[in-house]
Amino acid sequence: MLNLMMTRYVLPAVFTLLFHHSFSQLTEPLVFNEKVHDFGTVREESGAAVFEFVLTNKSTRPIKIITVQASCGCTTPGWTKDPIPAGQTGFVKASFDPRGRPGYFDKTLTVTTDWDATPVLLHIKGNVVNTVSEKDPASF
């Protein structure tokens, strides 16, 4: 009788707890409002295009962003320098300089934290146009 009760009630409860615990470890500690930002059309003469990725610390301890590496020199990163307390928000800022870079772009920001050795990749993309050098077809 005891064996039947163990098989019927106790073992499923233990497996449920283990299953839940296993998957709770897989959730991301930092949740970004978005990981890809599309600027759309960026006018070269308008200067830098800037976007701030907002993130929330979903872990149970403070997390520090150690570094943010941009994929090219045309993108300057910025980020929350202090540890982000559990439940609080921080940011990673991307400033893209479109000067001399006409056409489509897709750049990455690699975010490294003290939580995990696996970095988070963020993307910015868009299309740079130079409206000053483009001729208005109506003026011909």
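**Pocket, sheet and disulfide**

Colleague: How do the residues lining the largest pocket divide into nonpolar, polar and charged?

Modeller: The lining has 5 nonpolar, 3 polar and 2 charged residues. Keep in mind that this is a predicted model.

Colleague: Which residues line the largest pocket?

Modeller: One part of the lining is T27, E28, P29 and L30. The others are T113, W115, D116, T118, P119 and V120.

Colleague: And what volume does the largest pocket have?

Modeller: About 170 Å³.

Colleague: Switching to the sheet. What is the strand order, and is the sheet open or closed?

Modeller: The sheet is open, with 4 strands in the order β2-β8-β7-β4 and mixed pairing. Its edge strands, each paired on one side only, are β2 (36-43) and β4 (65-70).

Colleague: What does the twist average from one strand to the next?

Modeller: It averages 20°.

Colleague: Do β2 and β8 pair in the parallel or antiparallel sense, and over how many bridges?

Modeller: Parallel, over 6 bridges, with β8 covering residues 120-129.

Colleague: Which residue in β8 is the bridge partner of D38?

Modeller: K125.

Colleague: Now disulfides. How many does the structure hold?

Modeller: It holds 1. C72 and C74 form the disulfide, with 2.2 Å between their sulfur atoms.

Colleague: Is that disulfide left-handed or right-handed?

Modeller: The torsion about the S-S bond of C72 and C74 is about -60°, so the disulfide is left-handed.

Colleague: And C74, buried or exposed?

Modeller: C74 is at 4% relative accessibility. The cut-off for buried is under 20%, so C74 counts as buried.

Conventions. Residues numbered from 1 in each chain as written. Predicted model: local features only at pLDDT ≥ 70, side-chain atom pairs only at ≥ 80, totals over all residues. Heavy atoms only, no water. 1 Å grid on protein atoms, 1.4 Å probe; cavity = no way out; pocket = protein on both sides within 12 Å on 5 of 7 lines; lining within 4 Å. Points joined across faces, edges and corners; volume = space filled by probe spheres on them. Nonpolar A, V, L, I, M, F, W, Y, C, P; charged D, E, K, R; others polar. Pairing = 2+ DSSP bridges. Helix = DSSP H or I, 4+ residues; strand = E, 2+ residues; numbered from the N terminus. Axes fitted to C-alpha atoms, helices over the stretch in contact; angles between N-to-C directions. Disulfide = S-S within 2.5 Å. Buried < 20%, exposed > 50% of the residue type's maximum accessible area, 1.4 Å probe, protein only.
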